[in-house]
Amino acid sequence: MAETITHIVLFKYRPDISWTDFESHFETFMALRTKCLHPSTNKPYMLSLRAGKNRSWEPFSKGMTHGFVLEFANQDDLDYYLTADAVHLAFSKAAAPLIEDSVVVDIRDGILFGPPAKRPGLGSGEYSGACHCGEMAWMARLEKAEHVLCHCGTCRRLGGGPYSCNQIVPREDLKITRGEPRVYIYKGASGKDVRCYFCGTCTSHIYHHQDAMPDKVIVRTLLLEGGDKMPATGEIFAEGRLGWVKELQESLVNGVK
Ligand SMILES: [Zn+2]
Ligand SMILES: [Zn+2]
């Protein structure tokens, strides 16, 4: 069982959460053992799940109140659990407000040296997107599930944030499946027209199309399902990066792929 991975999670819960919230969170967590199903076998794939409150009298818990020890048959299963298992992802999203801090360590029994596991990409595939109000929906095909950040002044002005998250894809790889976008046309850096397609009701930006790149569209990747899990792997107009956007440099330099 050299492949077996033990995934160790320590949580420090917020002191102000209600007992009901905590209890249902805990029950949902325990149920992951049987509710998380493998995509190919459709059977539970978590080998074991143990959990409990910290009872150590030593002053070394760093405030962590509960421990969870999960076993997976291999790294692929753990990667699936972390990045793609819809049951687990829904649980994580609901659990986030209850947790103040956490520690996560993955070990392979007896392996004392070596590099960390490679961070998985979400893989190529079709990703659904939706605007804020829900009137518009679309599907985008990505070769790699990742963001390229744009620090240009136009993105800042249109989006109201320090940068936008994008990917350039062939035009046929984006399909609007619900609603009709409105369009705003402006002159891009190339001097040619750029069309910005957005939801006419809630103004969410869906994609851009440039006359300079007629066969491609620039898709807003953070509006796609799972976008919050995709790594940022590149940036353009980096000279426009705002001084306080520092953590980006670190993750881009470390080259999460
Ligand atoms: Zn909308
Ligand atoms: Zn831009």
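## A walk from helix H2 to the other core

Select helix H2 and its surroundings: its buried residues are covered by, among others, strand E1 (5–13), strand E3 (66–72), helix H3 (86–95) and strand E4 (99–107). Keep in mind that this is a predicted model.

Now zoom in on H2 itself, residues 75–83, and show side chains for Asp77, Leu78 and Tyr81, which are buried. Why do these three sit on the same side of H2? They span an arc of only 100° around the axis, which puts them there. An α-helix has 3.6 residues a turn, so residues three or four places apart point the same way.

Next, pick out the strands. E1 pairs with E3 in the antiparallel sense through seven bridges; click Val9 and you'll find its bridge partner in E3, Phe68. E1 also runs antiparallel to E4, with eight bridges joining them. Here, try Tyr13, whose partner in E4 is Ile99.

Zoom out and colour residues 5–107, the range an unreviewed UniProt entry lists as "domain: Stress-response A/B barrel". The C-alpha atoms at the two ends of this span are 6 Å apart, and its make-up is 35% helix and 32% strand.

Then move on to the largest nonpolar core, which has 20 residues; Ala140, Leu174, Ile206, Tyr207 and Val219 have the most contacts inside it. Strands E6 (137–142), E11 (193–198), E12 (205–210) and E13 (216–220) each give it two or more residues. Centre on Val219: beyond its neighbours within four places in sequence, Val219 touches Ala140, Asn166, Gln167, Val169, Leu174 and Tyr207.

Last stop: a second, separate core of eight residues, including Ile5, Tyr45, Phe72 and Leu78. Leu78 takes you back to H2, where it is one of the buried residues.

Conventions. Residues numbered from 1 in each chain as written. Chains lettered and ligands numbered in written order. Predicted model: local features only at pLDDT ≥ 70, side-chain atom pairs only at ≥ 80, totals over all residues. Buried ≥ 20, exposed ≤ 12 C-beta atoms within 10 Å, placed from the backbone. Helix = DSSP H or I, 4+ residues; strand = E, 2+ residues; numbered from the N terminus. Arc of directions from axis to C-beta. Contact = placed C-beta atoms within 7 Å. Pairing = 2+ DSSP bridges. UniProt positions renumbered as here; feature names shortened; annotations may be inferred. Core = buried A, V, L, I, M, F, W, Y, C linked by C-beta atoms within 7 Å.
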